[in-house]
Amino acid sequence: MFALGFFLLTGLVCQSLGQYDYYEEYQFPSAPLEEPSSPHCSQECECPFSFPTAMYCNGRDLKFIPIVPSGIKYLYLQDNHIEEIKAGVFDNATDLRWLILDNNNITSDKIQGGTVDKLKKLEKLHFSNNKLTKPPGSLSKSLDELKLTGNQLSSFPANTLSGMENLTTLHLSKNKLTTESITGAFKSLKSLVLLDVSENKLKKLPSGVPPSLLMLYADHNDIDSIPNGYLAKLPALQYLRVSHNKLVDSGIPAGVFNVSSLLELDLSFNKLKSIPEISESLEHLYLQVNQINKFDLANICKFSSPVNYSRLRTLRLDGNNITHSSLPDDTANCLRQASEIIFD
């Protein structure tokens, strides 16, 4: 169990290191090779004696979910051709903790009642790359991770995540969600650390996000402005990605990004004409492919001294209208810790 938990934690941490230096999908362990399977296991799957609480049914061209025997806690069903979840398949699986259903063909209307909704001890539900138009209903309050990436979600009722105080990571990217469809959806998530709403149809950053949030990814949307004081309500936020949107200078209130908790800010591929005001504690700033035509050092360092300087290590300005010659004279003092400043 330690190895599995450690691997998932490593995957989460990797998502926060560097601009795009993270894994898109977890690589779940496969069943041990050449090891006999438990006689209680479904014949379509494997339940190795060395890990008797796991049932491996992944990558077997299944079109249905086999009956899950009692005692199974970790169920791997990814990479199949499953189209529905029939009543009864989980009747014996009252202790199920992980349910991995990524890369199948399941639609919302084919999830029968008394299936996923009866798994009250479920901690991880991975339902990415299916054909869901709405989230599965009545999910376990014990969930700490929910992945619905790459579906066709257009609605997300405000009570979907109600009472999920243990939920730490929520992946909703690559769907059809609008700002209105997720209003009020996150207000009860007291432990949420990562929220990924990238590649949707948002015009604003999500509202009602809990102050526990560490990482917010909203790349590839239609966002044109940041609400005044938005980041001040998120005192733990360290990683904010709003690249590939429609941000303009008039939509960036003065000092909105000047918060001491923020370590990485990605505003690349927008329509900004100036460098926004940031905190001296920011370490990575990505502004490539905007319309920036001047280097306003005061927005990075109010003033420079032996103890006052920017902690920026990475600054990307390629794809703008400035060059290295645009740097003010005092740039070296301000950016003394920078190891990477990229122009065209």
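Select Cys301 and Cys334 in this predicted model. The two residues form a disulfide, with 2.0 Å between their sulfur atoms. The torsion about the S-S bond is about 85°, so the link of Cys301 and Cys334 is right-handed. Colour by secondary structure to see what the bond connects: Cys301 sits in the loop between strand E11 (284-286) and strand E12 (314-316), while Cys334 belongs to helix H2 (residues 331-334). The two cysteines are 33 residues apart, and the pair links distant parts of the chain. Both Cys301 and Cys334 are buried.

Next, select Cys45 and Cys57. Their sulfur atoms are 2.1 Å apart, and a disulfide joins them. This disulfide is right-handed, because the torsion about the S-S bond of Cys45 and Cys57 is about 110°. Cys45 lies in the loop between helix H1 (2-14) and strand E1 (54-56), and Cys57 in the loop between E1 and strand E2 (74-76), so the bond ties together parts that are twelve residues apart in sequence. Switch to a surface view to check exposure. Cys45 has a relative accessible area of 7% and Cys57 one of 0%; both are buried because the cut-off is under 20%.

Stay in the loop between E1 and E2 and select Asn58, which is also found there. Is Asn58 buried or exposed? Its relative accessibility is 18%, so Asn58 counts as buried under the 20% limit. Now show what surrounds the residue. Setting aside neighbours within four places in sequence, Asn58 is in contact with Tyr76, Leu77, Gln78 and Asn80.

Move to Cys41 and Cys47. These two residues form a disulfide as well, their sulfur atoms 2.2 Å apart. The link of Cys41 and Cys47 is right-handed, with 65° about the S-S bond. Cys41 has a relative accessible area of 12% and is buried. Cys47 is buried too, at 2%.

With all of these on screen, how many disulfides does the count come to? The count is three. Number the bonded cysteines in sequence order, and the pairing reads 1-3, 2-4, 5-6.

Hide the cysteines and turn to the nonpolar side chains. The largest nonpolar core has 87 residues. To find the residues with the most contacts inside this core, select Ile85, Phe90, Leu99, Leu170, Phe186 and Phe295. Then centre the view on Ile85. Which residues does Ile85 touch, not counting those up to four places away in sequence? They are Ile65, Phe90, Leu101, Ile106, Lys110, Ile111, Gln112, Thr115, Val116 and Phe127.

Apart from the largest core lies another core, of seven residues. Its members include Tyr56, Tyr74, Tyr76 and Ile100. Tyr76 was met earlier, as one of the contacts of Asn58.

Finally, zoom out and show the chain as a cartoon. Two helices and 13 strands are assigned in it. The chain has 344 residues, of which buried residues make up 51%. Among contacts with a separation of 6 or more, 49% are between residues 24 or more positions apart. With the surface switched on, the chain exposes about 15200 Å². Carbon and sulfur atoms supply 51% of that exposed area.

Technical notes. Residues numbered from 1 in each chain as written. Predicted model: local features only at pLDDT ≥ 70, side-chain atom pairs only at ≥ 80, totals over all residues. Heavy atoms only, no water. Helix = DSSP H or I, 4+ residues; strand = E, 2+ residues; numbered from the N terminus. Buried < 20%, exposed > 50% of the residue type's maximum accessible area, 1.4 Å probe, protein only. Contact = heavy atoms within 4.5 Å. Areas by Shrake-Rupley, 256 points an atom, 1.4 Å probe, with all protein chains shown as cover. Disulfide = S-S within 2.5 Å. Core = buried A, V, L, I, M, F, W, Y, C linked by side-chain atoms within 4.5 Å.
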